[in-house]
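Visitor: I should like to learn how the features of a structural model are read. May we go through them one at a time?

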Amino acid sequence: MTDDAYLVLLEGPATPLGTPLAATGPLACLDTPAVRAWLAAHEVTATSPGLYIVPPEETAALPEDAEKLPVPLSPEELSTVRTRNAPEPVAGVERELRAYRSCTEDREGLLRRALAAGVPAHRVAELTGEELTAVKAAATRP
């Protein structure tokens with residue numbers, strides 16, 4: 001696995017892979033000379049169908065022959081890409097987890113719901129700012 005996300009050109013992927021770039025909103029990397037040159041070389045724009053952003057944990061699934069470019073994303077941008085790529089029940093819980101830091105009611109319940117919905121403990125910790133051990137402990141409390 002790599003630490004970089006990838007811009008990738010995929011023509012109708014057989015299985016969903018990444019997020020259509022047009023669905024992520026503006027990303028800072030799109031203003032870099034390297035990305036602008038790559039897009040121009042492939043005669044595509046940020047809104048072109050077939051242009052996806054793939055988070056680091058999914059890059060191993062990229063076809064070897066796919067046209068791809070590693071791009072750095074800020075933590076906030078990466079979180080947005082991951083949320084847009086998640087199934088709606090998980091994405092909804094992730095939105096709640098982002099609001100967790102200002103939450104005053106049922107914080108433990110939110111942690112348990114997120115884990116039960118299938119959000120990995122490390123992702124819950126990332127979104128909430130809680131220590132991973134605290135997140136894992138919340139899963140075992142009634």
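Visitor: How many residues of helix H5 are buried?

Guide: This is a predicted model, and burial is judged here by a relative accessible area under 20%. Helix H5, spanning residues 121–128, is mostly covered, with six of its eight residues buried.

Visitor: Which residues of H5 are the buried ones?

Guide: They are Ala121, Arg123, Val124, Ala125, Leu127 and Thr128. Directly after H5 comes Gly129, which has a positive phi near 85 degrees.

Visitor: How is the sheet to be read, and in what order do its strands lie?

Guide: In general, the strands of a sheet pair through backbone hydrogen bonds, in either a parallel or an antiparallel manner. Here the sheet is open and has four strands, ordered E2-E3-E1-E4, with antiparallel pairing.

Visitor: Why is one side of E2 and of E4 left without a neighbour in the sheet?

Guide: Strands E2 (19–20) and E4 (67–71) stand at the edges and each has a single partner strand, so one side of each lacks a neighbour in the sheet. For E2, two bridges connect to E3 (residues 51–54) in antiparallel fashion; Thr19 has Ile53 as its bridge partner in E3.

Visitor: Which strands does H1 lie across?

Guide: H1 lies across E1 (5–9), E3 and E4, and runs at about 170 degrees to E4.

Visitor: Where in the chain is confidence lowest, and where is it highest?

Guide: As a general rule, predicted coordinates should not be read in detail where pLDDT is low. In this chain the average pLDDT is 83, and 87% of the residues score at least 70. Helix H3 (residues 88–98) has the lowest confidence, at a mean of 74, and helix H1 (residues 33–41) the highest, at 94.

Key. Residues are numbered from 1 along each chain as its sequence is written. This is a predicted model: local features need pLDDT of at least 70, side-chain atom pairs count only at pLDDT 80 or more; totals for chains, interfaces and linings use all residues. Side-chain values use heavy atoms; hydrogens and water are left out. Buried means under 20% relative accessible area, exposed over 50%, partly exposed in between (1.4 Å probe, protein chains only). pLDDT is the predictor's confidence in each residue, from 0 to 100. Two strands pair if DSSP finds at least two bridges between them. Contact means heavy atoms within 4.5 Å. Axes are lines fitted to C-alpha atoms, for helices over the stretch in contact, and angles run from 0 to 180 degrees between N-to-C directions.
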